[in-house]
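These entries record what I looked up in one protein model, taken in the order in which I looked.

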Amino acid sequence: MNQTPTYPRSPKADATLALLWERIRRRGDMPGFTRAINAILASMRGEDERDFSMTQTVLSDPVLTQKVLRLANSGMYSAFGQRVNTVSKALLVLGTEAIGHLALGLKLIEELGKSTPDSLQAHIEMEKAVLAGMVAQQVALASASRDPEEAVVCSILHSLGRMMVTFYLPEQWAGLQQADSGADAAAADRLGLSLEQIGRATAEHWGLPRNLIAGMHSIEPGERGEGFGHDDWLAALGTMSTRCAESLWNDDEAGAERVRELAAGFAPLLGVAPDGILGAVEKARLEAAADLSIAPLAQSSEKRALETKNGAARLREAGNKILADGVADMRDAAAGATPGQMMSMALETAYRGLSFTRAFGFLRNRRDGRYSARIGLGEGAKAMLPRLTFGDAFQSDVFFAALGSDHVIFIENARDPKFAAKLPGWWKGTLAEGRCFVIIPLCTHGEPVGFLYGDWDESFPSVFLNQAEFALLNELRALVVGTVDRRQAAETAQVRS
């Protein structure tokens, strides 16, 4: 792995690197990263297939396994048609080299993150490097690069020097930031090496592949000459992606204008039209808004909308599981439970599974001719029970409509003025905070014996029930009614005997 150093040697440079290697060793010499590099590179070179196969290397890391499978099933590789469920198949789809580069990039960020002190600046530099990798991947895809993952890790490595200094030499980084000429310009004078050279020295110290190190230099627009090769193309992409990441960081108009300038300047070097670069950068920006955490870009409206959508989906999925599990518990308990116990189980299941604000179980007392709430769940529900009562003589409102039809009824907007006439006075005087609600009637032999009620207040987003939820509520209702039927049958048999 030894390579001829590509950085200038001087007493000041040697002292800087000696301190850097010592700081790394003090934190454990990044043993996980070193072992991973050795295994990944051996697999990429086809060495020691038995002990260092790429499949074994990937499967030994659950995070890497997930990333590889997600990449193999992404739109980038949709032309392969079939879903990829194993790392072995992913190797056939993506190729060993692509997975190797993906693994190197992931491991670099992961291990540096583990070594990072609790420093905001260090985390910022890491996120900028990740953002540069996102830009590089999208631009590489737009250029039909044979290995977008090589472009990703190369672009991340463009920021390696900055990351190493912020992570391991924070006192030197603080001094560089205060320099009038800026950190990059001051590094060569104060440390004996530029930040770019520190990055290359680190890559050589770790024994990273030559092609990746060869791409770790800056290229300016207009520098394309006759000998411009693949390494230079990677260097140009890394240069542009790193500068785009800096410009995208604050997600403002000044940064957007700078990105347009970069796209126009680097288009001839990269062989991608400016509009193609801008489209690729926009895709990376949206991806970054969803995945990053520190960047102002990550606080965008796109991310908030995505988090809301994803959060709602996860909440609904968890709620449906609660409903299904609760119904299963009721099914198991039905033979020996009383109607009151089954009603309590049903109300709790619906309350938790649908995230009601409040939920109540009403029973009908034929002798008194009234419906009364016997159990309530939710903040303040218990105190409301004495007021939740009304006569059982038919009224032209939504509750008697539900009881008469013996069907679950969902009211999406109880605040609709056109619906006001369908709401009874007792509801308006007690439960009017509910914005939408569900009525689950409990009827046996065509006669109501009670009902379950649950509502959501203004704190909830738009609510609707899907067919799966309606089916679970109907099964829940049938289990309660079945217990009532059995109780009534037993009482009738006892009277006859």
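Entry 1. Burial and strand β6.
I counted a residue as buried when its relative accessible area was under 20%. The model is a predicted one. I then asked how far strand β6 is enclosed by the rest of the structure. Nine of the 10 residues of β6 are buried, so I noted the strand as largely enclosed by the rest of the structure. For the protein as a whole, I recorded that buried residues make up 49% of its 497 residues.

Entry 2. Overall make-up.
I listed 22 helices and six strands. Among contacts with a separation of 6 or more, I found that 63% are between residues 24 or more positions apart.

Entry 3. Partners of β6.
Which strands pair with β6, and in what sense? I found that β1 (residues 358-365) runs antiparallel to β6 and is joined to it by six bridges. In that pairing, Phe360 stands opposite Tyr453 of β6. I found β5 paired with β6 as well, antiparallel and over nine bridges. There, Ile440 faces Leu452 of β6 as its opposite residue. I also noted that β5 and β6 make a hairpin with two residues between them. In the turn of this hairpin, His445 has a positive phi of about 55°.

Entry 4. Cavities.
I next searched for enclosed space. Rolling a probe the size of a water molecule over the atoms shows where empty space is left. The search gave two cavities of 30 Å³ or more. I examined the second largest cavity, which holds about 30 Å³ of space. Its lining consists of Leu347, Ala350, Phe356, Val438, Ile440, Leu452, Tyr453 and Gly454. I traced two or more of the lining residues to each of α18 (339-353), β5 (436-444) and β6 (447-456). Strand β6 gives the most, with three residues. By class, I counted seven nonpolar residues and one polar residue in this lining, with no charged residues. I noted that Ile440 and Leu452, opposite each other in the β5 and β6 pairing, both belong to the lining of this cavity.

Entry 5. The second largest pocket.
How much space lies in the second largest pocket? I obtained about 470 Å³. Of its 22 lining residues, those closest to the centre are His158, Arg162, Asp184, Ser218 and Thr242. I found that α7, α9 (160-168), α12 (195-206) and α14 (230-248) each give two or more residues to the lining. Helix α14 has the largest share, six residues. By class, I recorded five nonpolar, 10 polar and seven charged residues in the lining of this pocket.

Entry 6. Nonpolar cores.
Which residues of the largest nonpolar core touch the most other members? In this core of 88 residues, I found them to be Leu20, Leu160, Leu176, Leu237, Met240 and Leu270. Helix α7 (residues 120-142) gives the most to the core, with 10 residues. I followed Leu270 further, leaving aside its neighbours within four places in sequence. Leu270 is then in contact with Val139, Trp233, Ala236, Leu237, Met240 and Ile277. I also recorded a second, separate core of 30 residues, which includes Ala334, Leu354, Val408 and Leu442.

Note on methods. Residues numbered from 1 in each chain as written. Predicted model: local features only at pLDDT ≥ 70, side-chain atom pairs only at ≥ 80, totals over all residues. Heavy atoms only, no water. Core = buried A, V, L, I, M, F, W, Y, C linked by side-chain atoms within 4.5 Å. Buried < 20%, exposed > 50% of the residue type's maximum accessible area, 1.4 Å probe, protein only. Helix = DSSP H or I, 4+ residues; strand = E, 2+ residues; numbered from the N terminus. Contact = heavy atoms within 4.5 Å. 1 Å grid on protein atoms, 1.4 Å probe; cavity = no way out; pocket = protein on both sides within 12 Å on 5 of 7 lines; lining within 4 Å. Points joined across faces, edges and corners; volume = space filled by probe spheres on them. Nonpolar A, V, L, I, M, F, W, Y, C, P; charged D, E, K, R; others polar. Pairing = 2+ DSSP bridges.
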